[in-house]
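Open the structure in your viewer and keep the selection box handy. We will go from stop to stop, and at each one you get something to select and a short account of what is there.

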Amino acid sequence: MASSNSMTMMKSSQQQMMMMKKRKRKKEQQLSLGELKTLGEQLLSSRSHINNLPRLLNFIKHPREDFHPAYALESLLSLQSFFTPLLPDLSASRSRSSSSSSDASTTAAAHLIYSTWLRSKFDDFLQSLFSISTSALSDPTLREVVLETIMEFVKVANAGNFHSSIFHRFLHAIVHSTLGVGDILLQLLASKYFKYIDVRYFTYISLEKIARTLEPDDSADDKGATSESAAGNRSRASMEVCIRMIYHLLSRIPPLEVSVVESNYEMWSCVDAEDKQQKLRLHDRKDFSAASVTKKMKLKFSKAWISFLRLLLPLDVYKEVLATLHQAVIPHLSNPIMLCDFLTRSYDIGGVVSVMALSSLYILMTQHGLEYPNFYEKLYALLEPAIFMAKYRAKFFELIDSCLKSPLLPAYLAAAFCKKLSRLALSVPPSGALIIIALVHNLLRRHPSINFLVHQGYVNETGKVTSATDKSGVDRTDDTDSANKQGIDQFDDEQSDPMKTNAMRSSLWEIDTLRHHYCPPVSRFVLSLESDLTIRAKTSEVAVQDFSSGSYATIFGEEIRRRVKQVPLAFYKSTPTSLFSESDFPGWTFDLNDGEPVAVNDENGTLDTPKEHDHISVKRQCLVPV
């Protein structure tokens, strides 16, 4: 009986609380903007009106059904004016709360309780600001004011120093939001605040920490464990949203140029005029010299990017990163070799991902001493017909030309690439054939040891070069075994190892066939290169970039613009009387029998007129066997 009474009392009390909240909300909704402004003025005038603080906070809670941008803006301005002068004391009170003694006075204890309560309300205020700023449904003007308020707190809340904790919470809210990459908040953040060096510095630190929370958990138990992130049980879709936002923020931060002098370092925490003395004191310190700042920025930049590249990137982000890594990231890393694991994994994937990773990997190999033993084997495997239709084919062929430029390249390797490219020339579009001719021409010029491929005779299985004629000019082809006859190419096109392709025992017969290519620019290019190889001292290498971006459209456009000196015309000495001449059909002749078609009588050789065609009055020609 007592338990039922207590349950009834609890339900009634809960109902009363709900009714009170509804009445309070209705009362707040009935407030006008003038009354709301009065609440803010009372809060700023005296501590006796401190209870106005929770009421003002209710107007900026987002999302809620009765949320109104005008009321939220008025409350925001009053709360900002209230909290701004109190922020240094709130930060200090938090640090002193852990060191306060148990026998503190009543006044000190009351002040501590009051400061703790204010701190909790300030945290609620910040959370509401984060919710409004990261909501695409909020008013754009209100979101811009909210962004300025948050960054103002970042500047003044730590006694003149950059408040990294508030800024980290703000970036965490942005990364875990559903904002698009073109959202106005991100544009304002990048255009107005990423120019300050301290904002960039702490952005790198915060993004590194957030990226580490998204890394896959390799230490998960095998007992029913699923492949989820260390941040929690979030879905793969939400993880991709966070990764895209991190990449967007990282890519929008301008890199620090080494040539910038220390006087040009703008800091958000010292942007006001009254902070000039503090700014001068900072620049006088050794750790704020140009070299020191550049070193620290490079270190934080490197950590942020390496943490990001450890994540499971979506395919579109993966490709976009690989496309810009060699220009936007590698030059600004403290140690570019840190990217070797990411790039070698990408290069081993194959396909278009390997093509896009080639640029950065080539930079690490040529400029930073990276050793990758299987580099040329992987590069050889990328030579397929599909690569001539890829989006990044222009850069790929330019890199192939650069990778095969070294005079220390073994002859068998140069011959394998030369032969592989020549074989591809038989199956690629004309634009691809032009690129192949240019690459083969450069290979033959750079590596004279493989010039024998141009005029090499038949090479039998023992490696001996034979010919179809002997010294006396007598044809000895029939005297050889059937396995050693001409026309058998020893090159293995399906072999993935360049050393095992037998390219040194083959010849470039495929290039010779291009002299009769159906596309005139291809056949003309082959003929011009034949003269180049014979007059080596007077010519130079072909610029591959001139052909790497070619297509049917570019070839057709060049042919249209090309001036032709002699134009072939159809010329007849007399007006033709028939469509075909008798010489076109030997053994047949054209005959006309009074305008009627004729046929051959096989029995007596006479010409008979078919009866079914008697009604035809139009003159026709027909073929009659002689």
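The tour below starts with the whole chain and then moves through its core, a helix, the salt bridges and a surface patch.

**Stop 1: the whole chain**

Start with everything shown as a cartoon, and keep in mind that this is a predicted model. The protein chain carries 24 helices and 6 strands. Of its 626 residues, 40% are buried. Now switch on the surface: the chain exposes about 35800 Å², and carbon and sulfur atoms supply 54% of that area. How much of the contact count comes from residues 24 or more positions apart? Among contacts with a separation of 6 or more, such pairs account for 71%.

**Stop 2: the nonpolar core**

In soluble globular proteins, nonpolar side chains tend to be buried together. Here the largest nonpolar core has 156 residues, and you can begin by selecting Leu249, Phe308 and Phe396, the members that touch the most others. Next, colour helix α20, residues 430-446: it gives this core its largest share, 10 residues.

Zoom in on Phe308 and show what surrounds it. Setting aside residues up to four places away in sequence, Phe308 touches Ala211, Ile243, Ile246, Tyr247 and Leu250, and also Leu313, Val317 and Val321.

Go back to α20 and pick Ser431, which is found in this helix. Is Ser431 buried or exposed? Its relative accessible area is 10%, so Ser431 is buried. Beyond its neighbours within four places in sequence, Ser431 is in contact with Phe547, Gly550, Ser551 and Ile555.

**Stop 3: helix α15 and two cysteines**

Select residues 340-349, which form helix α15, and show the side chains of its buried residues: Cys340, Phe342, Leu343, Thr344, Ser346 and Tyr347. Which helices do they pack against? Add α13 (290-309), α14 (315-328), α16 (351-367) and α17 (375-381) to the view, and you have the partners of these buried residues. After α15 comes Gly350, with a positive phi near 90°.

While Cys340 is on screen, note its relative accessible area of 17%, which makes it buried, the cut-off being under 20%. Select Cys403 as well: at 2% relative accessibility, it also counts as buried. If you go looking for disulfides, the count is 0.

**Stop 4: salt bridges**

The structure holds 19 salt bridges, and three of them are picked out here.

Begin with Lys155 and Glu152, whose side chains meet in a salt bridge at 3.6 Å, N to O. Both sit in helix α7 (residues 140-156), and because they are 3 residues apart, about one helical turn separates them. Colour the two by accessibility: Lys155 is buried at 5%, whereas Glu152 is partly exposed at 23%.

Now select Glu510 and Arg423, a salt bridge with an N to O distance of 2.9 Å. This pair links distant parts of the chain, with Glu510 in helix α22 and Arg423 in helix α19 (residues 411-424), 87 residues apart. Glu510 is buried, with a relative accessible area of 0%. Add Lys419 and Asp489 to the selection, and you will see a network of salt bridges that links them with Arg423 and Glu510.

For the next pair, select Glu559 and Arg524, where the closest N and O atoms are 2.6 Å apart. Glu559 lies in helix α24 (residues 552-561) and Arg524 in helix α23 (residues 520-534), so this salt bridge ties together parts that are 35 residues apart in sequence. Glu559 is partly exposed at 27% relative accessible area, and Arg524 counts as partly exposed at 32%.

**Stop 5: a nonpolar surface patch**

Finish on the outside, with the surface switched back on. Select Tyr412, Met499 and Met504, which make a nonpolar surface patch of about 280 Å². Where does Met504 sit? Look in the loop between β2 (465-466) and α22 (509-513). With a relative accessible area of 32%, Met504 is partly exposed.

Notes: Residues are numbered from 1 along each chain as its sequence is written. This is a predicted model: local features need pLDDT of at least 70, side-chain atom pairs count only at pLDDT 80 or more; totals for chains, interfaces and linings use all residues. Side-chain values use heavy atoms; hydrogens and water are left out. A nonpolar core is a set of buried Ala, Val, Leu, Ile, Met, Phe, Trp, Tyr and Cys residues joined through side-chain atoms within 4.5 Å. Buried means under 20% relative accessible area, exposed over 50%, partly exposed in between (1.4 Å probe, protein chains only). Helices (H or I, at least four residues) and strands (E, at least two) are DSSP runs, numbered from the N terminus. Contact means heavy atoms within 4.5 Å. Patches are made of residues with over 30% relative accessible area and no salt bridge: like charges are joined within 9 Å, nonpolar side chains (Val, Leu, Ile, Met, Phe, Trp, Tyr) within 5 Å. Accessible areas come from the Shrake-Rupley method with a 1.4 Å probe; for residues, only the protein chains shown count as cover. A salt bridge is a side-chain nitrogen of Lys or Arg within 4 Å of a carboxyl oxygen of Asp or Glu. A disulfide is a pair of cysteine sulfur atoms within 2.5 Å.
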